[in-house]
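Visitor: Could you take me on a close look at the empty space enclosed inside this protein? I work at the bench, so please explain the terms as you go.

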Amino acid sequence: MEHEAVKGPATRSAVRSKRGGTTRTFWRRIREPLAQSRFVKNAIASLFAQFVRLVRLTNRLVDGSARFSGGAYAHLEPGIIALWHGQHLLTPAYYPAGRPLVAMVSRSADAELNALMIEKFGIEAVRGSGGRESSKHLDKGGAKALIALKKSLGAGKNVAMIADIPHGTPRDAGLGVVLLARLSGRPILPAAIATSRRKVLEKSWDKTTINLPFGRSSIVVGTPVFVPANADDAEMERKRQELTASLNAATAEAYRLVDGLK
(Lines give C-alpha, C1' and ligand atoms only; values in the text may rest on other atoms or scores of the structure.)
Protein backbone atom coordinates (compact mmCIF):
# COMPACT_ATOMS: atom_id res chain seq x y z
CA MET A 1 0.00 0.00 0.00
CA GLU A 2 2.86 2.34 0.88
CA HIS A 3 4.47 1.70 -2.50
CA GLU A 4 1.27 2.54 -4.34
CA ALA A 5 0.76 5.69 -2.24
CA VAL A 6 4.17 6.94 -3.33
CA LYS A 7 3.49 6.04 -6.93
CA GLY A 8 0.07 7.70 -7.08
CA PRO A 9 1.07 11.42 -7.31
CA ALA A 10 3.66 10.65 -9.98
CA THR A 11 1.06 8.81 -11.99
CA ARG A 12 -1.38 11.70 -11.71
CA SER A 13 1.37 14.08 -12.80
CA ALA A 14 2.06 11.92 -15.81
CA VAL A 15 -1.62 11.93 -16.72
CA ARG A 16 -1.75 15.74 -16.46
CA SER A 17 1.40 16.02 -18.59
CA LYS A 18 -0.13 13.73 -21.19
CA ARG A 19 -3.32 15.79 -21.24
CA GLY A 20 -1.29 18.99 -21.59
CA GLY A 21 0.66 17.49 -24.46
CA THR A 22 -2.56 16.39 -26.12
CA THR A 23 -3.99 19.91 -25.78
CA ARG A 24 -0.88 21.49 -27.31
CA THR A 25 -0.91 18.99 -30.16
CA PHE A 26 -4.60 19.67 -30.79
CA TRP A 27 -4.00 23.47 -30.81
CA ARG A 28 -1.11 23.13 -33.26
CA ARG A 29 -3.33 21.11 -35.57
CA ILE A 30 -6.19 23.62 -35.60
CA ARG A 31 -4.14 26.84 -35.37
CA GLU A 32 -3.26 27.06 -39.06
CA PRO A 33 -6.77 26.19 -40.34
CA LEU A 34 -8.17 28.82 -37.97
CA ALA A 35 -5.68 31.37 -39.23
CA GLN A 36 -6.80 30.63 -42.79
CA SER A 37 -10.52 30.62 -41.97
CA ARG A 38 -12.39 33.54 -43.52
CA PHE A 39 -15.09 33.17 -40.88
CA VAL A 40 -12.59 33.43 -38.00
CA LYS A 41 -10.82 36.40 -39.60
CA ASN A 42 -14.12 38.21 -40.09
CA ALA A 43 -15.12 37.53 -36.49
CA ILE A 44 -11.84 38.95 -35.16
CA ALA A 45 -12.08 41.96 -37.50
CA SER A 46 -15.61 42.62 -36.23
CA LEU A 47 -14.36 42.59 -32.63
CA PHE A 48 -11.60 45.04 -33.53
CA ALA A 49 -14.12 47.30 -35.26
CA GLN A 50 -16.43 47.29 -32.23
CA PHE A 51 -13.53 48.15 -29.92
CA VAL A 52 -12.46 51.04 -32.15
CA ARG A 53 -16.04 52.33 -32.18
CA LEU A 54 -16.12 52.11 -28.37
CA VAL A 55 -12.93 54.15 -28.13
CA ARG A 56 -14.39 56.77 -30.45
CA LEU A 57 -17.67 56.99 -28.55
CA THR A 58 -16.06 57.29 -25.11
CA ASN A 59 -13.30 59.79 -25.96
CA ARG A 60 -14.64 63.30 -26.41
CA LEU A 61 -12.83 65.55 -28.87
CA VAL A 62 -10.93 68.31 -27.10
CA ASP A 63 -10.96 71.95 -28.12
CA GLY A 64 -8.48 72.67 -30.87
CA SER A 65 -9.16 69.45 -32.74
CA ALA A 66 -9.71 69.56 -36.48
CA ARG A 67 -13.39 69.61 -37.48
CA PHE A 68 -14.37 67.87 -40.67
CA SER A 69 -17.95 69.05 -40.55
CA GLY A 70 -18.86 72.17 -42.47
CA GLY A 71 -16.52 71.46 -45.34
CA ALA A 72 -13.43 72.96 -43.69
CA TYR A 73 -11.19 70.83 -45.88
CA ALA A 74 -13.42 70.67 -48.96
CA HIS A 75 -11.03 72.80 -51.01
CA LEU A 76 -8.28 70.21 -50.42
CA GLU A 77 -10.37 67.19 -51.37
CA PRO A 78 -9.87 64.72 -52.80
CA GLY A 79 -6.65 64.50 -50.84
CA ILE A 80 -4.06 62.00 -49.68
CA ILE A 81 -4.33 61.46 -45.92
CA ALA A 82 -0.90 60.53 -44.57
CA LEU A 83 -0.52 58.79 -41.19
CA TRP A 84 2.31 57.29 -39.18
CA HIS A 85 2.49 53.52 -38.80
CA GLY A 86 1.28 52.39 -35.40
CA GLN A 87 -0.58 55.66 -34.82
CA HIS A 88 -3.33 55.04 -37.39
CA LEU A 89 -5.58 52.48 -35.75
CA LEU A 90 -8.45 54.87 -34.89
CA THR A 91 -8.72 56.42 -38.34
CA PRO A 92 -11.74 54.37 -39.54
CA ALA A 93 -13.85 55.42 -36.56
CA TYR A 94 -12.95 59.12 -36.81
CA TYR A 95 -13.25 59.46 -40.57
CA PRO A 96 -16.60 61.10 -41.49
CA ALA A 97 -19.26 58.56 -42.45
CA GLY A 98 -20.56 58.85 -45.98
CA ARG A 99 -17.35 60.26 -47.46
CA PRO A 100 -15.62 57.82 -49.80
CA LEU A 101 -12.18 56.71 -48.63
CA VAL A 102 -9.73 54.25 -50.15
CA ALA A 103 -6.86 53.08 -47.93
CA MET A 104 -3.65 51.35 -48.90
CA VAL A 105 -3.06 48.31 -46.68
CA SER A 106 0.12 46.23 -46.69
CA ARG A 107 0.15 42.98 -48.63
CA SER A 108 1.47 41.11 -45.57
CA ALA A 109 -0.63 38.38 -43.99
CA ASP A 110 -0.70 40.29 -40.69
CA ALA A 111 -2.35 43.27 -42.41
CA GLU A 112 -5.27 41.23 -43.71
CA LEU A 113 -7.18 41.71 -40.45
CA ASN A 114 -6.66 45.46 -40.80
CA ALA A 115 -8.08 45.33 -44.32
CA LEU A 116 -11.12 43.40 -43.13
CA MET A 117 -11.59 45.75 -40.18
CA ILE A 118 -11.63 48.97 -42.21
CA GLU A 119 -14.13 47.43 -44.61
CA LYS A 120 -16.54 47.23 -41.64
CA PHE A 121 -16.54 51.06 -41.76
CA GLY A 122 -17.27 51.22 -45.49
CA ILE A 123 -13.64 52.00 -46.36
CA GLU A 124 -12.21 50.36 -49.45
CA ALA A 125 -8.85 48.62 -49.07
CA VAL A 126 -6.16 48.50 -51.75
CA ARG A 127 -3.40 46.02 -50.96
CA GLY A 128 0.13 47.25 -51.54
CA SER A 129 3.13 48.89 -49.91
CA GLY A 130 3.81 52.52 -50.64
CA GLY A 131 6.61 53.31 -48.22
CA ARG A 132 9.67 52.24 -50.23
CA GLU A 133 8.45 53.21 -53.64
CA SER A 134 10.23 55.80 -55.75
CA SER A 135 9.81 56.94 -59.29
CA LYS A 136 12.62 54.58 -60.33
CA HIS A 137 11.96 51.57 -58.10
CA LEU A 138 8.40 50.30 -58.15
CA ASP A 139 7.63 46.64 -57.59
CA LYS A 140 4.68 45.21 -59.46
CA GLY A 141 2.32 45.20 -56.46
CA GLY A 142 3.28 48.69 -55.35
CA ALA A 143 2.83 50.08 -58.85
CA LYS A 144 -0.64 48.54 -59.15
CA ALA A 145 -1.64 49.95 -55.77
CA LEU A 146 -0.47 53.46 -56.65
CA ILE A 147 -2.32 53.30 -59.96
CA ALA A 148 -5.50 52.23 -58.11
CA LEU A 149 -5.12 55.09 -55.63
CA LYS A 150 -4.53 57.59 -58.42
CA LYS A 151 -7.74 56.41 -60.11
CA SER A 152 -9.61 56.78 -56.81
CA LEU A 153 -8.40 60.36 -56.46
CA GLY A 154 -9.47 61.03 -60.03
CA ALA A 155 -12.92 59.73 -59.12
CA GLY A 156 -13.16 62.24 -56.28
CA LYS A 157 -12.36 59.86 -53.40
CA ASN A 158 -9.96 60.63 -50.58
CA VAL A 159 -7.19 58.10 -50.07
CA ALA A 160 -5.16 57.17 -47.00
CA MET A 161 -1.59 55.90 -46.82
CA ILE A 162 0.92 55.05 -44.11
CA ALA A 163 3.80 57.44 -44.62
CA ASP A 164 6.73 55.63 -43.03
CA ILE A 165 8.37 52.42 -44.21
CA PRO A 166 7.39 49.20 -42.38
CA HIS A 167 10.29 48.06 -40.16
CA GLY A 168 12.34 51.01 -41.37
CA THR A 169 12.94 54.27 -39.54
CA PRO A 170 9.75 55.14 -37.64
CA ARG A 171 8.20 58.55 -38.29
CA ASP A 172 10.37 59.21 -41.31
CA ALA A 173 8.29 59.43 -44.50
CA GLY A 174 9.03 57.28 -47.51
CA LEU A 175 8.69 58.45 -51.10
CA GLY A 176 5.52 56.50 -51.91
CA VAL A 177 3.09 59.13 -50.64
CA VAL A 178 5.11 61.89 -52.30
CA LEU A 179 5.11 60.02 -55.60
CA LEU A 180 1.33 59.61 -55.50
CA ALA A 181 0.95 63.35 -54.88
CA ARG A 182 3.15 64.11 -57.88
CA LEU A 183 1.30 61.69 -60.15
CA SER A 184 -2.20 62.81 -59.07
CA GLY A 185 -1.66 66.51 -58.50
CA ARG A 186 -3.53 66.22 -55.19
CA PRO A 187 -2.28 67.53 -51.82
CA ILE A 188 -1.00 65.41 -48.95
CA LEU A 189 -2.88 65.98 -45.68
CA PRO A 190 -0.69 64.94 -42.71
CA ALA A 191 -3.06 63.70 -40.01
CA ALA A 192 -2.74 62.50 -36.42
CA ILE A 193 -5.23 61.12 -33.89
CA ALA A 194 -4.40 60.76 -30.20
CA THR A 195 -6.15 59.74 -26.99
CA SER A 196 -5.32 60.63 -23.40
CA ARG A 197 -5.63 57.00 -22.32
CA ARG A 198 -3.34 54.74 -24.31
CA LYS A 199 -0.93 51.85 -24.11
CA VAL A 200 2.31 52.20 -26.07
CA LEU A 201 3.94 48.95 -27.14
CA GLU A 202 7.49 50.07 -26.42
CA LYS A 203 9.13 46.98 -27.92
CA SER A 204 7.42 47.37 -31.30
CA TRP A 205 9.52 49.02 -34.01
CA ASP A 206 7.00 51.83 -34.50
CA LYS A 207 5.88 52.21 -30.85
CA THR A 208 2.39 51.03 -31.80
CA THR A 209 -0.23 52.81 -29.72
CA ILE A 210 -3.32 51.00 -28.44
CA ASN A 211 -5.93 53.67 -27.77
CA LEU A 212 -8.17 53.04 -24.76
CA PRO A 213 -11.77 54.07 -23.92
CA PHE A 214 -13.01 56.71 -21.47
CA GLY A 215 -10.69 59.64 -22.00
CA ARG A 216 -10.11 62.55 -24.37
CA SER A 217 -9.20 62.51 -28.05
CA SER A 218 -7.87 64.91 -30.63
CA ILE A 219 -7.50 65.11 -34.39
CA VAL A 220 -4.89 67.33 -35.98
CA VAL A 221 -4.38 67.97 -39.69
CA GLY A 222 -0.95 69.41 -40.37
CA THR A 223 0.25 71.79 -43.05
CA PRO A 224 -0.68 70.31 -46.47
CA VAL A 225 2.14 69.28 -48.77
CA PHE A 226 1.85 70.01 -52.50
CA VAL A 227 4.15 68.22 -54.97
CA PRO A 228 4.57 69.73 -58.46
CA ALA A 229 4.11 67.43 -61.45
CA ASN A 230 7.61 68.21 -62.71
CA ALA A 231 9.38 67.57 -59.39
CA ASP A 232 12.85 66.07 -59.92
CA ASP A 233 14.63 63.75 -57.48
CA ALA A 234 15.99 66.63 -55.40
CA GLU A 235 12.56 68.24 -55.11
CA MET A 236 10.99 64.88 -54.24
CA GLU A 237 13.46 64.51 -51.39
CA ARG A 238 12.66 68.01 -50.14
CA LYS A 239 8.95 67.21 -50.21
CA ARG A 240 9.59 63.94 -48.37
CA GLN A 241 11.35 65.88 -45.62
CA GLU A 242 8.57 68.47 -45.60
CA LEU A 243 5.99 65.72 -45.13
CA THR A 244 8.03 64.17 -42.31
CA ALA A 245 8.24 67.51 -40.50
CA SER A 246 4.54 68.33 -40.98
CA LEU A 247 3.36 64.90 -39.84
CA ASN A 248 5.64 64.93 -36.79
CA ALA A 249 4.37 68.40 -35.88
CA ALA A 250 0.74 67.25 -36.23
CA THR A 251 1.43 64.20 -34.07
CA ALA A 252 3.12 66.27 -31.35
CA GLU A 253 0.20 68.73 -31.36
CA ALA A 254 -2.37 65.91 -31.11
CA TYR A 255 -0.65 64.52 -28.01
CA ARG A 256 -0.22 68.00 -26.53
CA LEU A 257 -3.96 68.61 -26.82
CA VAL A 258 -5.07 65.38 -25.12
CA ASP A 259 -2.39 65.53 -22.45
CA GLY A 260 -3.31 69.10 -21.51
CA LEU A 261 0.21 70.42 -22.03
CA LYS A 262 0.89 74.11 -22.64
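Guide: Happy to; what follows is a walk through the cavities and their linings, with a stop at a helix contact at the end.

A word on the source: this is a predicted model, in which local features need pLDDT of at least 70 and side-chain atom pairs count only at pLDDT 80 or more, while totals for chains, interfaces and linings use all residues. Residues are numbered from 1 along each chain as its sequence is written, and side-chain values use heavy atoms, with hydrogens and water left out.

Rolling a probe the size of a water molecule over the atoms shows where empty space is left. Here a cavity is a set of points, on a 1 Å grid over the protein atoms alone, where a 1.4 Å probe fits but cannot get out, and lining residues have an atom within 4 Å of a point. Grid points are joined across faces, edges and corners, and a volume is the space filled by probe spheres set on the points.

Two cavities of 30 Å³ or more are present. The largest has a volume of about 210 Å³. It is lined by 16 residues, and F68, I81, Y95, A191 and V221 are the closest to its centre. At least two lining residues come from each of β2 (80-83), α3 (91-94), β6 (188-195) and β9 (215-221); these elements are DSSP runs numbered from the N terminus, helices being H or I of at least four residues and strands E of at least two. β6 gives the most, three residues. By class, this lining has 12 nonpolar, two polar and two charged residues. Nonpolar covers Ala, Val, Leu, Ile, Met, Phe, Trp, Tyr, Cys and Pro; charged covers Asp, Glu, Lys and Arg; the others, Gly among them, are polar.

The second largest cavity holds about 50 Å³ of space. Its lining is made of W84, Q87, A191, A192, I193, T251 and Y255. Two or more of these come from each of β6 and α7 (233-259), with β6 again giving the most, three residues. Five lining residues are nonpolar, two are polar and none is charged.

Finally, α7 also meets another helix. In α6, V177, V178, L179 and R182 contact M236, K239, R240 and L243 of α7, where contact means heavy atoms within 4.5 Å. That contact comprises five nonpolar, no polar and three charged residues. Seven of the nine residues in α6 are buried, meaning under 20% relative accessible area (exposed is over 50%, partly exposed in between; 1.4 Å probe, protein chains only).

Technical notes
1 Å grid on protein atoms, 1.4 Å probe; cavity = no way out; pocket = protein on both sides within 12 Å on 5 of 7 lines; lining within 4 Å.
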